[in-house]
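Here are a few worked exercises for you to try with the viewer open. Have a go at each task before you read its solution.

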Amino acid sequence: MTFGGSGGGWGPPERDTPDETSPEDRTLTTDAPADSAPPRLAPMPVMALLEVAARVIRRHAIPLLAVAVLFQLPSSLVDAAAQQHLGHALAPVLVGLDDDAPRVLTPTPEQARSILEALLLLAGSSIVGTLLGAIATLAFTAAVLADYHGRRPTVGGMIRTALGRALPALGAALLASLALLGVIAGAVALAAGALTFLPSPDGNVGGLGAFLAILVAVAAAVTAVVVIVRLALHAAVLAGEPGGAIQALRRSWHLTADNTWRSFAVLATVAILMTIIGSTILELVAVVVTVGIAAGMGLADASDALIAALVSTLLAPVGGVVLGVLYLDLRVRRDGWQPVIVEEGAAAA
């Protein structure tokens with residue numbers, strides 16, 4: 001069965017009773033004799049790509065979740081707590097949110113200091129979460145590559161791959177974040193300049209300056225999406241290829257060159273689905289645990305933070321595995337990459 005062929009992706013059809021010659025975890029199979037050429041890989045449609053990712057997750061759910069708990073759970077807990085801290089800091093100055101006329105009060109110096117501290121804590125937790133997410137993506141991509149070569153990924157092997165490439169992954173994540181921040185900062189500066197130097201003649205909102213500021217905002221939003229998508233594969237590249245942070249970003253930019261919006265469709269579809277599923281699970285569990293149990297013990301806030309972190313950790317492998325499968329698919333599309341079948345015990349290409 002070929003990569004993106006009639007079966008919708010690599011791997012054999014799942015069987016209730018796998019036989020000895022076609023184990024359930026075998027991912028690259030062909031009906032041709034063992035000494036024949038390996039099957040040609042073909043680019044996958046979006047739905048086939050998602051199907052392959054779902055198959056990998058089903059096969060290796062336990063090691064994937066173990067890695068997610070190791071790398072994602074700590075940052076998810078800190079991030080949830082930081083968001084709650086910011087909410088508490090803003091509560092005294094945001095009044096009437098349940099009414100038709102919400103108001104923002106002028107904070108006292110102590111309230112302003114508390115809000116600033118909460119914002120810094122949230123920014124720090126976001127940075128840590130981004131870096132740990134890059135390392136986790138390395139591990140998830142290692143699982144995808146192992147599955148592709150017909151091996152069952154282990155927690156130890158995934159962690160070794162992640163830690164062995166952690167430094168370039170951290171560097172690439174920081175550089176990608178800086179590129180995105182550069183786009184945002186540039187857009188803010190241009191919009192502010194347009195409003196400052198081209199004000200409305202009558203002093204009201206509008207005029208050429210406001211029109212240009214809107215154009216800048218729209219262009220910045222599109223550019224930000226392009227930058228995010230074009231650099232999204234850096235961790236997956238580091239798991240599958242040699243090179244450092246700069247090389248990984250260049251490879252990600254190269255692989256997505258002719259498939260930017262297709263890649264965006266894949267990532268956006270997964271993000272929307274995970275948001276819907278995560279919100280549904282979060283609401284259902286919160287009703288039972290927070291409202292039914294924790295609220296009576298005075299632990300509602302802690303319960304909400306813990307549940308949010310657990311749901312985030314549970315869904316974390318999905319995005320990482322999809323990135324890994326997308327990375328392999330783009331190698332086929334852009335580079336004409338094909339598998340190399342090696343003897344048992346030899347290094348896999």
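**Exercise 1.** Are Asp329 and Arg262 buried or exposed, and where do the two lie?

*Solution.* Start with accessibility: both Asp329 and Arg262 are buried (buried is under 20% relative accessible area, exposed over 50%, partly exposed in between, with a 1.4 Å probe and protein chains only). Next, look at the pairing: their side chains form a salt bridge with N to O at 2.9 Å (a side-chain nitrogen of Lys or Arg within 4 Å of a carboxyl oxygen of Asp or Glu). Finally, place the partners: Asp329 is in helix H10 and Arg262 in helix H9, so the bridge ties together parts 67 residues apart in sequence. Helices here are DSSP runs of H or I with at least four residues, numbered from the N terminus.

Before you go on, note that this is a predicted model, where local features need pLDDT of at least 70, side-chain atom pairs count only at pLDDT 80 or more, and totals for chains, interfaces and linings use all residues. Residues are numbered from 1 along each chain as its sequence is written, and side-chain values use heavy atoms, leaving out hydrogens and water.

**Exercise 2.** Find the salt-bridge partner of Arg334 and describe the exposure of each residue.

*Solution.* The partner is Asp258, with the closest N and O atoms 2.7 Å apart. Arg334 sits in helix H10 (residues 300-335), while Asp258 is in the loop between helix H8 (245-255) and helix H9 (260-294), 76 residues apart. For exposure, Arg334 is partly exposed at 27%, and Asp258 is exposed at 60% relative accessibility.

**Exercise 3.** Why are Glu51 and Arg55 separated by about one helical turn?

*Solution.* They are separated by about one turn because they are four residues apart in helix H1. Their side chains meet in a salt bridge of 3.1 Å, N to O. Now check the accessibility: Glu51 is partly exposed at 36%, whereas Arg55 is buried at 6%.

**Exercise 4.** Which side chain makes a polar contact with that of Arg59?

*Solution.* First locate Arg59, which is in helix H1 (residues 46-59). Its relative accessibility is 13%, so Arg59 counts as buried. The contact is with the side chain of Asp147, at 3.3 Å (a pair of N or O atoms within 3.5 Å; within protein, one must be able to donate a hydrogen and the other to accept it, and residues adjacent in sequence count only if both atoms are side-chain atoms).
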